[in-house]
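Please look over the structure shown below before reading on. The report that follows takes up a few of its parts in turn.

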Amino acid sequence: MEKISIIIPCYNMEKLVGKCISSIKDQTYTNFEAIFVDDGSQDRTKEVIEENIKDDERMKYVYKENGGLSSARNFGLDMIDSKYVCFIDSDDYVEKDYLMELYNSLIENDSDISVCYFNRVFENKIELNTFKSVFYNLVRFPAAWNKLYKTSLFKDNDIYFPPGKWYEDLGTFPKLYMMSNKKISIVENPLYQYIQNPTSITHTFDERIYDSYDMVKTNEDFAKKNNIFDKYHSELEYLNVYHTLIGTVYRSSFLEGFNEDKVKEIVKRVSDNYPNWYKNEGIKELRIFYRIYLKALQHKQYKLIVFLLKLLHDKINVS
């Protein structure tokens, strides 16, 4: 069994990181190193981590100046030389077979990436998230975590998390997917527990939501640089359909001044590069609500879209 490196970025997590550490210690796959990258915490994160890992030589604590989530993950990536790597966010936790099942799936299927189901853990409920082993399902939630990767995907292809941006996973996972040549396997078990934080990026709405534009574009630029843009044209188009026409339009609806012109502006951004976006084959994988919504966008029913989105703010969840 090869050594697996686990990178855990931490920032002001004194109250939650203990449970994360315990879940890693309990792994049935024991050949791992866990690197806790403290991204300039200003609370007792350092003391909590060091107290909890002092009896386990597989775990190490490192400190860096604050630079954001991408910076912390990249810092960890530069430290490792193991064949496999995975990421866990410090406010989440994993089941005891998390590493074992991801590793077995990757080896048995000769995959470059293995992915497991996950639970969204709310204060009063748990929601199971599943997907098929096709891009259109995986990229709806392109989180760095709930996956095991061959480290070579990052290092051989110079793939790092985009620093200083929101939605950094959106600017990273599609690149890894493209360079994996679709060699991805699925573990149909919710081994990752994703804690819902009301102050997280997915629940915050300000001008930084438009960082999604840059994240989508960085995948297109990467594909062009590696001469695979035509090969992955449908997937790259779908990134615009789901994360721009659905995700960004929805998040924009929370901002002051959201109106028909803003919807038109966002649709034009996609249509200029993908004039036939509404024919994308991934749309058929979406829920009926989204298919109807996109049909309305296709027919320029912007006034209706504005009305519905403001009406449904608390009824839908786009991540």
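## Arg73 and its partners

In this predicted model, Arg73 is buried, with a relative accessible area of 1%. Its salt-bridge partner is Asp89, and the closest N and O atoms of Asp89 and Arg73 are 3.2 Å apart. Asp89 sits in the loop between β4 (84–87) and β5 (93–94), while Arg73 belongs to helix α3 (residues 69–79), so the pair ties together parts that are 16 residues apart in sequence. Asp89 is also buried, because its relative accessible area is 14%, where the cut-off for buried is under 20%.

The pair does not stand by itself, for Arg73, Asp89, Glu168 and Asp169 are linked in a network of salt bridges. In general, side chains of opposite charge can pair when their charged atoms come close. The structure as a whole holds 21 salt bridges.

## Two further salt bridges

The side chains of Asp214 and Lys165 meet in a salt bridge with an N to O distance of 2.7 Å. Asp214 is part of helix α8 (residues 211–225), and Lys165 is found in the loop between α6 (151–155) and α7 (173–179), so this pair ties together parts that are 49 residues apart in sequence. Asp214, at 36% relative accessibility, counts as partly exposed, and Lys165 is partly exposed with a relative accessible area of 29%.

Lys46 forms a salt bridge with Glu50, and here the closest N and O atoms are 3.0 Å apart. Lys46 and Glu50 are separated by about one helical turn, because they are 4 residues apart in helix α2 (residues 45–53). Lys46 counts as partly exposed at 36% relative accessibility, and Glu50 is partly exposed as well, with a relative accessible area of 34%.

## Strand β1 and its neighbours

Is strand β1 enclosed by the rest of the structure or open? Of the 7 residues of strand β1 (residues 4–10), 7 are buried, so the strand is largely enclosed by the rest of the structure. In a regular strand the side chains alternate between the two faces of the sheet. In β1, Ile4, Ile6, Ile8 and Cys10 point one way, whereas Ser5, Ile7 and Pro9 point the other way, and all of these residues are buried.

Strand β1 pairs with strand β2 (residues 32–39) in the parallel sense over 7 bridges, and within this pairing the bridge partner of Ile4 in β2 is Phe32. Together with helix α1 (residues 17–25), the strands β1 and β2 make a right-handed β-α-β unit. Strand β1 also runs parallel to β4, to which 4 bridges join it, and the bridge partner of Ile7 in β4 is Phe87.

## Asn129 in strand β7

Asn129 lies in strand β7, which spans residues 126–129, and Asn129 counts as buried because its relative accessibility is 17%. Which polar contacts does the side chain of Asn129 make? One is a polar contact of 3.3 Å that joins the side chains of Asn129 and Arg120. In addition, a polar atom of the Asn129 side chain lies 3.3 Å from the backbone oxygen of Glu127.

When residues up to four places away in sequence are not counted, Asn129 touches Tyr117, Phe118 and Arg120. Arg120 thus appears both among the residues that Asn129 touches and as the partner in a side-chain polar contact.

How values were computed:
Residues are numbered from 1 along each chain as its sequence is written. This is a predicted model: local features need pLDDT of at least 70, side-chain atom pairs count only at pLDDT 80 or more; totals for chains, interfaces and linings use all residues. Side-chain values use heavy atoms; hydrogens and water are left out. Helices (H or I, at least four residues) and strands (E, at least two) are DSSP runs, numbered from the N terminus. Buried means under 20% relative accessible area, exposed over 50%, partly exposed in between (1.4 Å probe, protein chains only). A polar contact is a pair of N or O atoms within 3.5 Å; within protein, one must be able to donate a hydrogen and the other to accept it, and residues adjacent in sequence count only if both atoms are side-chain atoms. Contact means heavy atoms within 4.5 Å. A salt bridge is a side-chain nitrogen of Lys or Arg within 4 Å of a carboxyl oxygen of Asp or Glu. Two strands pair if DSSP finds at least two bridges between them. A crossover is right-handed if, with the strands pointing away from the viewer, the path from the first strand over the helix to the second runs clockwise.
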